[in-house]
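Biologist: Could you take a close look with me at one helix of this model and what it packs against? I'd love a connected walk through that part.

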Amino acid sequence: MDTDSSNSGTPTSKTPINKKKGIPNSRKKTENHIGGQKGHLKSKLEKFKENEITENIEYPAGCCPGCGGRMKQMDEEITKDETDYEVVVVKKRHHFHSYECMECGAVYRQTVPYNLKHESFTEEKAESIFRKFNHLLLKGIENNKNDDSYYGNEERKLLNRIAKYKNNYFAWVTNFRLPFTNNLSERSLRGTKSKMKISGQFQSLEYAGYYASVKSYIETCYRNGIDEYTALRRLCDGKPYTVAEILGKNE
C-alpha cells in the first residue's frame with residue numbers, strides 16, 4: 001500500500017527514502033513579525049560577582065589601524081563574561097609501602113587491589129570461570145531438552161546462542177581492557193537512532209552513507225582517545241586520521 005504520514009498513521013520517521021516527508025506543524029500563522037516580540041523579557045547571562053571570577057583576560061591594542069601610531073589605553077572599557085569548563089585528566093600513582101612493627105619486628109606489605117595488579121585474571125582463575133560456566137550451560141541444556149513449550153523453545157534458542165558466542169561474551173575475562181557488555185556499542189548507535197526519529201530518517205542512501213562515514217570516523221577516534229574537535233579539524237584539513245595512526249597511539 002502506498003501509505004505515508006500524510007494519508008495514514010505512519011510516523012514521519014518511517015517515511016521511505018526518496019519520498020517527501022509530511023512534517024506536522026501545529027503552529028498557526030499570525031501577523032507578528034519574525035523574531036523577538038514586544039514585551040518579552042530578554043534572556044542574558046548575568047554578570048559574575050567579583051569573587052566568582054577565576055581568570056581575567058586582557059586584550060591589549062597594537063598599533064593604530066589608521067596611522068600605525070602607538071595607542072594609549074583609556075578609562076572606558078567593555079567587559080564580557082564567559083563560563084567555560086575544563087576536562088582534567090588525572091594520572092594517579094598508587095604507593096603501597098611495607099611496614100615493620102615497632103613492637104615485634106614483623107614486616108607487613110599493603111595489599112594491592114586486584115584491578116591494579118593485573119590486566120586480566122590469572123590463567124588458573126580464568127580456567128575456573130570457564131569450567132563453572134560450561135557446567136552451568138550444560139546443566140541448562142539438559143533441563144531444557146524435554147521442554148517443547150513456547151518458553152522452552154525460546155530458552156533453547158538463548159542457550160544455543162550463548163554456547164555459540166561464549167568466547168565473545170567472556171573475552172573480558174582474558175583482557176580487562178575489553179568491556180564486559182555491549183552497552184558501548186549501543187551508546188555509539190544511540191545518536192543515529194535519535195537522528196532517525198527526529199529528522200525522519202535520510203532522504204537518500206547516498207547521504208545516509210555520508211552520515212555513517214563521518215559518524216564512524218568520529219566514534220573510532222573518540223574510542224581511541226582522540227577528541228572530536230581534533231579529529232574533525234584533521235578531517236576538514238584533508239588529513240583525516242588513518243587506522244594505522246589511531247592504533248599506533250594505543251601501542
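Modeller: Happy to! Let's start with what lies inside: the buried residues of α7 are A208, Y217, I218, E219 and C221. Please keep in mind that this is a predicted model.

As for its length, helix α7 covers residues 205-223, and at 1.5 Å a residue its 19 residues should span 27 Å; the C-alpha atoms at its ends are 26 Å apart, which agrees. After α7 comes G225, with a positive phi near 85 degrees.

Next is the partner, helix α8, made of residues 228-236. The axes of α7 and α8 come within 9 Å and cross at roughly 135 degrees. Angles over 145 degrees would count as roughly antiparallel and 65 to 115 as roughly perpendicular, so α7 and α8 are oblique to each other. Their crossing is right-handed. On the α7 side, the contact is made by Y217, I218, C221 and Y222, while α8 brings E228, A231, L232, R234 and L235. By character, the residues of this contact divide into seven nonpolar, two charged and no polar. A general point helps in reading such a list: an α-helix has 3.6 residues a turn, so residues three or four places apart point the same way. Three of the α7 contact residues, Y217, I218 and C221, also appear among the buried residues of α7.

Moving on along the chain, D237 sits in the loop between α8 and α9 (243-249). With a relative accessible area of 52%, D237 is exposed, because the cut-off for that is over 50%. Finally, D237 and L136 are 101 residues apart in sequence, and their C-alpha atoms are 55 Å apart in space.

Key: Residues numbered from 1 in each chain as written. Predicted model: local features only at pLDDT ≥ 70, side-chain atom pairs only at ≥ 80, totals over all residues. Heavy atoms only, no water. Helix = DSSP H or I, 4+ residues; strand = E, 2+ residues; numbered from the N terminus. Expected span 1.5 Å × (residues − 1). Buried < 20%, exposed > 50% of the residue type's maximum accessible area, 1.4 Å probe, protein only. Axes fitted to C-alpha atoms, helices over the stretch in contact; angles between N-to-C directions. Parallel < 35°, antiparallel > 145°, perpendicular 65-115°, else oblique. Left-handed = near helix turned anticlockwise from the far one by under 90°. Contact = heavy atoms within 4.5 Å. Nonpolar A, V, L, I, M, F, W, Y, C, P; charged D, E, K, R; others polar.
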